[in-house]
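User: I am new to this structure. Can you walk me through how to read its features?

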Amino acid sequence: MYKIILLLDFAEEYSKSLLKGISKYSSEHGPWTYCRMPLYYRETIGIEGIINWAKEWGADGIIGQLYNDMDIKLILESKIPVVAQDFKERFKELPNITGAYRETGLMGASYFLQKGFKNFAFYGFNDIVWSRERAEGFEEKINSVGYKVHYFEHRKSRSTDLWYYKSNSLSKWLVSLPKPIALMTCDDNQGLHIAEACKQNKIRIPEEVAVLGVDNDVMLCELSDPPLSSIAMDVEKGGYDTAKLMDQMIQNGIEGHYDIIVKPTQIITRQSTDIYATNDDYIASTLKYIHKNIEKNLQVDEVVKQVPLSRRTLEKRFLQITGFPIYKYISNLRIEKFAQKLLETDQTVFEIAMDLGLNDSKNIARQFKQVKGCNPVEYRKQYLAGK
C-alpha cells in the first residue's frame, strides 16, 4: 500500500478534480493511503520540514504545490518521488502537473472571433505561467487576424494573492476600453473580479464587455452576475495520469519522469458571452439563426433566406465580420457541438450525428478529424480515459 502526501489547495475546484482522478486510479491499482497536508505547512515548516515529515511517516510519494524557490536539491536527495503542480512556474528538475495553456488561449480567441468581435482584452498575471501562456495563445490568434489585445497593468503587478484586486485601477481600465469588447481572463476567479468591477461601473455584460473565464469552476461561474462562460479543462484525467506517473516513479525510480498536460476540452457558454458583437443587424440575425438551428442539418441556402440580401452580398459581409465563409462557420460550429456531445453523453457517433440532423456519420467524422486532428472515437477516448 502506497502512502502519498497531498499538498494541495483543497478549497479549489481544480484540486478537487485532480483528487477525483487520483482516487480513481488508486481504486483501480491500489489501495493507496493519503495524508492531506494543509498548505500552511509549506509556509511554516518549508520543504525541509515537509521532507522530514514524509520520511518519518514513511511516505512513498508527494503530489503538491511547491514554491519554485524552495531547495529542490533537498527533494532530489531525499529520493522521494514528487509530482509538482505548477501553480506559479514549471519546475525543471521535477515532473509538473501543467497544462496546454497556449492552446486554451487560442480556443478563447477563436470563440470570440466567431462571435464577430473586433476589440479584445486579457486580464491576468504576467508572472504566473498558466496566466502568461494563456495570454500569449490568446494574443497570437488575435494578432494573426490583424487585431490587438488590450492588457491590464497586471503585467507589472505582484501575484502574491490571486484573490485580491485593485478595484479603482481595474475600474478605470474597464471604462477606458473600446466597446463592445471580448475579454478573456486567466481563470474564473479573475472573471468574477471583472464581473464585479463592471457592475460597480454600470458596464453591461455581455452587451459592452463579454467575459470568458477558464477552469469552469461551476460555483464561481454561477456566483458571477451574470453567470460566467468558461473554458472547461480535463483536470480529472490529469489527476488520473498524475497517479499513474507516481505509480511508475515509485516502482521504477524517479528518473525518466515527464510532465502531465491538462488540456482544454470545450467552452461552456453562459450569459456573460451570450452575444454576437456586430453593428450589422443582418449579420447578427444570421449568426443567431445559425446558432439556434445548428442541431439541424443546416444549409447555407436556408441561412441566406433569413435576410433580404443577395447570397453574394451576405457572404461578403459575413466573411468580413467573422473571418469565415458561412459554410465554414456552420461546419466549425457543428464540430464544436459534436465534440461537446462526445464528452457530455454516452451516445454513439452515429447517434450524435443523427441528433445534429446529419445522415452521413462518415462525412462528419472526416470533417471532425480535419478540425480536431483525430476521429470522434479517438477524441472521446483521449479526453475521457481514466474517468
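Analyst: Start with one definition: two strands pair if DSSP finds at least two bridges between them. Keep in mind that this is a predicted model.

User: In what order do the strands of the open sheet lie?

Analyst: The order is 7-6-8-9-10-12. Six strands build this open sheet, and their pairing is mixed.

User: Which strands are at the edges?

Analyst: An edge strand pairs on one side only. Here those are strand 7 (149-151) and strand 12 (264-268). Now look at the twist: on average, neighbouring strands are turned by 25 degrees against each other, direction ignored.

User: Which helix packs on the sheet, touching strand 6?

Analyst: Helix 6, residues 129-144. Its contacts are strand 6 (120-123), strand 7, strand 8, strand 9 and strand 10 (229-233). The direction of helix 6 makes about 175 degrees with that of strand 6.

User: Let us take one strand apart. How does strand 8 pair with strand 9?

Analyst: Read the bridges. Strand 8 (residues 181-185) and strand 9 (residues 209-214) run parallel, joined by four bridges. Ile 181 stands opposite Val 209 in strand 9. Ala 182 stands opposite Ala 210.

User: And how many bridges pair strand 6 with strand 8?

Analyst: Four, again in the parallel sense. Find Phe 120: its bridge partner in strand 8 is Ala 182. So Ala 182 is a good residue to click on, because you can then look for how strand 8 is covered, where buried means under 20% relative accessible area.

User: How many residues of strand 8 are buried?

Analyst: Five of its five. Ile 181, Leu 183 and Thr 185 point one way, while Ala 182 and Met 184 point the other way. Both groups are buried.

User: What do strand 8, helix 8 and strand 9 make together?

Analyst: A right-handed β-α-β unit. Follow strand 8, then helix 8 (residues 188-200), then strand 9.

User: Next, the cysteines. How many disulfides does the structure hold?

Analyst: Zero. The test is distance: the two sulfur atoms must be within 2.5 Å. Take Cys 186: the closest cysteine sulfur is in Cys 221, 13 Å away, so it is too far for a bond. Cys 186 is buried, at 0% relative accessibility. Cys 221 is also buried, at 0%.

User: How do I read charged pairs?

Analyst: Side chains of opposite charge can pair when their charged atoms come close. The count here is 18 salt bridges. One of them joins Glu 43 and Arg 42, at 2.9 Å from N to O. Glu 43 is partly exposed, at 45%, whereas Arg 42 is buried, at 8%. Another joins Glu 208 and Arg 204 at 3.5 Å. Arg 204 is partly exposed, at 49%.

User: Which helices hold Arg 311 and Asp 301?

Analyst: The side chains of Arg 311 and Asp 301 meet in a salt bridge at 2.5 Å, N to O. This pair links distant parts of the chain: Arg 311 is in helix 13 (residues 311-322) and Asp 301 in helix 12 (residues 300-304), 10 residues apart. Arg 311 is partly exposed, at 39%. Asp 301 is partly exposed too, at 46%.

User: Which residues do salt bridges with shared partners join into one network?

Analyst: Arg 90, Arg 102, Glu 133 and Glu 136.

User: Last, the backbone. What should I look for?

Analyst: Most residues other than glycine have a negative phi, and most peptide bonds are trans. Look for exceptions. Lys 179 and Pro 180 are joined by a cis peptide bond, with omega about -10 degrees. Pro 180 lies in the loop between helix 7 (167-176) and strand 8. The bond from Asp 225 to Pro 226 is also cis, with omega near 5 degrees. Pro 226 sits in the loop between helix 9 (218-223) and strand 10.

User: Where is Lys 79 found, and what is its phi?

Analyst: Lys 79 is in the loop between helix 4 (72-78) and strand 4 (82-85). Its phi is positive, about 65 degrees, although Lys 79 is not a glycine. Lys 79 counts as exposed, at 60% relative accessibility.

User: Is Lys 202 buried or exposed?

Analyst: Exposed, at 72% relative accessibility. Lys 202 has a positive phi, near 55 degrees. Its place is the loop between helix 8 and strand 9.

Notes:
Residues numbered from 1 in each chain as written. Predicted model: local features only at pLDDT ≥ 70, side-chain atom pairs only at ≥ 80, totals over all residues. Heavy atoms only, no water. Helix = DSSP H or I, 4+ residues; strand = E, 2+ residues; numbered from the N terminus. Axes fitted to C-alpha atoms, helices over the stretch in contact; angles between N-to-C directions. Contact = heavy atoms within 4.5 Å. Buried < 20%, exposed > 50% of the residue type's maximum accessible area, 1.4 Å probe, protein only. Salt bridge = Lys/Arg side-chain N within 4 Å of Asp/Glu carboxyl O. Right-handed = clockwise from strand over helix to strand, strands pointing away.
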